[in-house]
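Dear colleague,

Please find the structure below, handed over for your consideration. My findings follow directly after it.

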Amino acid sequence: MSDHENRGYRRLFGTDLTFGTGFPLTDHDESAPPVDEEMRLAAHAEEVGFDALWARDVPTYWPKFRDAGQTYDPWSWLTLAATHTEDVALGTASVVLPLRHPLHVAKSAASIDRLSGGRLVLGVASGDRPPEYDAFGVDEDDRSASFRESVHVLRTVWSEEFPELETRWGTLDGRLDLVPKPTVETLPLLVTGRSRQSLEWIGEHGDGWLFYHLPRRTLEDYVADWRDVAGEKPFSLAVSVDLAADPGAEPEPIEQGFRAGNDWFVEYFRDLDRMGVDHVLVSVRGDDPERALTAFAENVMERM
């Protein structure tokens, strides 16, 4: 086992295409989602075969973006989700590193990894909501360098005892150690989008690449470019899914995905698998969330 491969990472990235889904699992606006119902659906998603549950990091609500993720802080939310599930991977999609002190990220992530039995997979990003940089006193133009340095700090404090580091956030002079350490030497990091980095840097320093829905031809090029720089490191994709009542319905584009019948989605995901996509984060739409998750699992996932 690699020193980056914890239990969650191994669940997601084996030989077959795997599927995760993201919070919120219920429909809600910017107000807080119903916690008991969200956790019941999380357990249900695991029961019907989803491999991961993903929580977003949205520090503040900006109406222009029309959403606040699952509203709650991702660390608290995933800790709660860990108590309602047993084996499913728990992912962040994604922690905005320039807005957080890396020692806080390292502590929170290692804590969840330990409390969940090694199930945390850490998506990381540089952020995309301009007002937040001013709110946190962060130079938006410096976020690419801040992101890289934060990754270096995370890797160091997870893998070394009493490290010595001089960073923009402060100094570690060998007198302090980060505890707990994660279940593996360094937690798996999936860089989200470009995060204002070169593909070569992502391939060298990330344990995988998490990207958004793309047109087929563009996706082919992205996966091929990724393989050139990163070898067999995994490629993950986020896709919105709206299952039509007619299993044979042809696709209609929706935001970040498609509305189509089961038969088309089976072929679509088989195509992604052949292309080299390793994991898909699906946002399953429907008036009845439990029924939608079940329908996708039974009519698409089980036919792969």
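His-213 lies in the loop that connects β8 (208-211) with α8 (216-230). Please note that the model is a predicted one. With a relative accessible area of 19%, His-213 falls under the 20% cut-off and therefore counts as buried. Leaving aside residues up to four places away in sequence, His-213 is in contact with Leu-237, Ala-238, Val-239, Gln-256, Gly-257, Phe-258 and Tyr-268.

The strand that precedes this loop deserves a description of its own. β8 is covered on both faces: Gly-208 and Leu-210 are buried on one side, and Trp-209 and Phe-211 are buried on the other. One neighbour of β8 is strand β7 (residues 189-192), which runs parallel to β8 and is joined to it by three bridges. Within this pairing, Thr-192 has Leu-210 of β8 as its bridge partner. Helix α7 (residues 199-205) belongs to the same arrangement, since β7, α7 and β8 form a right-handed β-α-β unit. β8 also pairs with strand β9 (residues 235-243), again in the parallel sense and over three bridges. Here Phe-211 is matched with Leu-237 of β9 as its bridge partner. Leu-237 is also one of the residues that His-213 touches.

I turn next to a pair of helices. Helix α3 (residues 74-83) packs against helix α4 (residues 102-115) at an angle of about 5°, and their axes are 10 Å apart. Because of this angle, α3 is roughly parallel to α4. On the α3 side, the contact is made by Trp-75, Leu-78 and Thr-79. These residues meet Val-105, Ser-108, Ala-109, Ile-112 and Leu-115 in α4. By character, the residues of this contact comprise six nonpolar and two polar ones, with no charged residue among them.

Finally, there is a second loop residue to report. Where is Gly-137 placed? Its position is in the loop between α5 (130-135) and α6 (143-159). Gly-137 has a relative accessibility of 66%, which is over the 50% cut-off, so this residue counts as exposed. The C-alpha atoms of Gly-137 and Tyr-222 are 34 Å apart in space, and the two residues are separated by 85 residues in sequence.

In short, the two loop residues described here are His-213, which is buried, and Gly-137, which is exposed.

Yours sincerely

Note on methods. Residues numbered from 1 in each chain as written. Predicted model: local features only at pLDDT ≥ 70, side-chain atom pairs only at ≥ 80, totals over all residues. Heavy atoms only, no water. Helix = DSSP H or I, 4+ residues; strand = E, 2+ residues; numbered from the N terminus. Buried < 20%, exposed > 50% of the residue type's maximum accessible area, 1.4 Å probe, protein only. Contact = heavy atoms within 4.5 Å. Axes fitted to C-alpha atoms, helices over the stretch in contact; angles between N-to-C directions. Parallel < 35°, antiparallel > 145°, perpendicular 65-115°, else oblique. Nonpolar A, V, L, I, M, F, W, Y, C, P; charged D, E, K, R; others polar. Pairing = 2+ DSSP bridges. Right-handed = clockwise from strand over helix to strand, strands pointing away.
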